[in-house]
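Hi everyone, thanks for making room for me today. Please have the sequence and the structure open while I talk, and stop me whenever you like.

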Amino acid sequence: MKLISIPKDQYEEYRLNAIFDCYKWDPQFLDHNTLAKYVLVLKESEYQELVHLTEELNKETLKAEEFLNRNLKYARKLALPKKIDHELKKMKNYDSKKHIRLMRYDFHPTRDQGWMISEVNSDVPGGFAEASLLPLLAIKTLRLNNHYYSIPFGEILAKAISKKVKKNGVIMFVHCTSYSDDRQVMQCIGDLMETYGFKSIYGASDHVKFINKEAFSILDGYETKIDGIFRFTPLEWLIDVKPKTWSGYFDTITPSCNHPIAIFAQTKRFPLIWDLLEKNNISLENWKRLLPETVEVKKAKENDEYIYKPACGRVGEKISIKEACEEDEYKSILKDVKRHPKKYLAQKKFHSKPLKSPDGKYFHVCIGSYTVEGKQAGFYARISEKPRIDSNAADIPVIIERNK
């Protein structure tokens with residue numbers, strides 16, 4: 001695994017092309033540029049290893065969540081928000097053959113030459129354009145030969161959707177409509193689905209109405225039956241929508257990506273019920289090997305070997321890696337942990353191995369490895385000078401170097 005620099009005299013054109021051709025409309029967070037000046041190159045052997053690990057993890061995750069859906073008493077220890085917990089019984093009609101399952105496992109290279117994972121983005125993983133179009137742009141910009149290639153995540157996802165949604169049907173791309181960065185993720189896959197003959201419409205979660213468990217759009221000018229739902233609004237955000245139209249997502253028979261069954265593995269408290277699952281013959285061998293030891297906050301007792309993570313956290317927010325936090329931020333997190341221990345968990349630290357760039361800088365790497373319908377489907381990666389991969393991290397395309 002290595003970093004290749006995008007030449008300085010080509011970077012500005014590369015960035016403009018990413019904005020206008022690759023749905024990276026606003027590659028900025030506050031005053032930070034979030035489009036890396038490098039390309040991440042995996043060896044063929046590293047790629048094959050990640051494929052194997054990702055698919056093995058995914059098998060375990062699918063078995064666990066389907067078991068939990070049939071045996072909700074075991075899910076109580078997950079301490080899910082009460083509004084979600086009350087709706088879980090509606091998912092009894094869940095049929096994996098009718099819905100599209102998309103996940104992303106976040107891998108980190110470590111100092112002992114191995115891999116660790118920090119989480120699975122089981123509910124609404126993003127990074128579609130970065131996984132699909134940015135690698136192609138990088139290969140073109142660097143004028144690389146056929147010795148390098150990338151995984152066509154967008155096409156893999158589009159084909160999976162096409163198999164489960166009615167031909168030439170209407171797909172509603174549900175997202176937080178006030179955020180342009182959410183819209184760009186939806187627009188990327190929505191435009192692609194239109195090339196497959198589908199009609200894409202874009203709306204908020206409360207633009208969907210459910211009648212007899214089927215979804216209908218009530219968006220002005222687009223009132224119609226919906227043949228497929230692509231949800232990008234996180235489930236824990238969805239439940240704050242009023243009126244309570246969101247409950248229909250739990251038992252809809254309209255093909256969905258992703259169905260709310262994703263919440264079991266999405267919560268970072270998932271490892272706290274592994275012992276219960278294994279007693280019921282649900283193997284979690286790969287999860288236990290690749291995820292750092294995870295315990296209740298009270299068991300960590302402010303041990304420096306552990307960090308705190310919010311159970312429903314996203315994008316690296318509120319993770320107490322001391323060397324990656326500002327002092328005020330770190331103190332604020334610890335206060336919140338003491339105030340709301342059930343909203344957090346403690347996880348043993350692992351030591352991320354930074355990569356050295358051609359210009360002598362060091363970057364920590366997170367490689368998000370997707371699965372679509374159980375098969376590995378591509379990568380979304382970010383790099384940061386700090387060990388915490390958060391909103392300040394930069395998106396970086398992933399390409400693969402063929403064996404010589």
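Let me begin with a term. When I say salt bridge, I mean a side-chain nitrogen of Lys or Arg within 4 Å of a carboxyl oxygen of Asp or Glu. With that cut-off, a search of the whole structure turns up 19 salt bridges. Please keep in mind that this is a predicted model. I'll come back to a few of those pairs, but let's look at the whole chain before that.

The chain has 13 helices and 22 strands. Its radius of gyration is 21 Å, close to the 22 Å that the globule rule gives for 404 residues, so the chain is as compact as a globular protein of that length. Along the principal axes, the C-alpha atoms fill a box of roughly 60 × 55 × 40 Å.

How much of the chain is buried? Of the 404 residues, 58% are buried. The accessible surface comes to about 19,000 Å², and carbon and sulfur atoms own 49% of that. Now for contacts: if we take those with a separation of 6 or more, 72% are between residues 24 or more positions apart. As for charge, there are 66 positive and 56 negative charges in the chain, and their mean positions lie 5 Å apart.

Now back to the salt bridges. As a reminder, side chains of opposite charge can pair when their charged atoms come close.

Start with lysine 2 and glutamate 401, whose side chains meet in a salt bridge at 3.9 Å, N to O. Which parts of the chain does this pair link? Lysine 2 is in strand E1, residues 2-5, while glutamate 401 is in strand E22, residues 398-401, so to speak a handshake across 399 residues. The two partners sit in different surroundings by the numbers: lysine 2, at 37% relative accessibility, counts as partly exposed, and glutamate 401, at 15%, counts as buried.Next come aspartate 123 and arginine 231, which form a salt bridge with their closest N and O atoms 2.6 Å apart. This pair also links distant parts of the chain, 108 residues apart. Aspartate 123 is in the loop between strand E6 (115-121) and helix H4 (128-132), and arginine 231 is in strand E13, residues 228-231. Are these partners buried or exposed? Both aspartate 123 and arginine 231 are buried.

My third pair is lysine 348 with glutamate 305, where the closest N and O atoms of the salt bridge are 3.7 Å apart. Lysine 348 lies in strand E17 (residues 344-348) and glutamate 305 in the loop between helix H12 (297-300) and strand E16 (306-310), so the pair ties together parts that are 43 residues apart in sequence. Lysine 348 is partly exposed, with a relative accessible area of 31%, and glutamate 305 is partly exposed too, at 43%. There is also a network: Lys24, Glu130 and Asp395 are joined by salt bridges that share partners.

Let's move on to one helix, H5, residues 134-142. Why do I call H5 largely enclosed by the rest of the structure? Because seven of its nine residues are buried. Those buried residues are Leu134, Pro135, Leu137, Ala138, Ile139, Thr141 and Leu142. If you want to find what covers them, look for E1, helix H1 (8-21), strand E4 (38-43), H4, strand E7 (148-149) and E22, which are among the covering elements. Just after H5, arginine 143 takes a positive phi of about 55°.

That brings me to a few backbone details. Alanine 79 has a phi near 50°, a positive value in a residue other than glycine. You'll find alanine 79 in the loop between helix H2 (44-70) and helix H3 (82-87), and at 38% relative accessibility it counts as partly exposed.

Asparagine 281 is another residue other than glycine with a positive phi, near 65°. Its loop runs between helix H10 (274-279) and helix H11 (285-290). Is asparagine 281 buried or exposed? At 73% relative accessibility, asparagine 281 counts as exposed.

Lastly, look at the peptide bond from cysteine 257 to asparagine 258: this bond is cis, with omega near 0°. Asparagine 258 sits in the loop between strand E14 (256-257) and helix H9 (263-266).

That's my tour, and I'm happy to take questions.

Note on methods: Residues numbered from 1 in each chain as written. Predicted model: local features only at pLDDT ≥ 70, side-chain atom pairs only at ≥ 80, totals over all residues. Heavy atoms only, no water. Helix = DSSP H or I, 4+ residues; strand = E, 2+ residues; numbered from the N terminus. Rg over C-alpha atoms; globule rule 2.2 N^0.38 Å. Buried < 20%, exposed > 50% of the residue type's maximum accessible area, 1.4 Å probe, protein only. Contact = heavy atoms within 4.5 Å. Areas by Shrake-Rupley, 256 points an atom, 1.4 Å probe, with all protein chains shown as cover. Lys, Arg positive; Asp, Glu negative; His and termini not counted. Charge placed at Lys NZ, Arg CZ, Asp CG, Glu CD.
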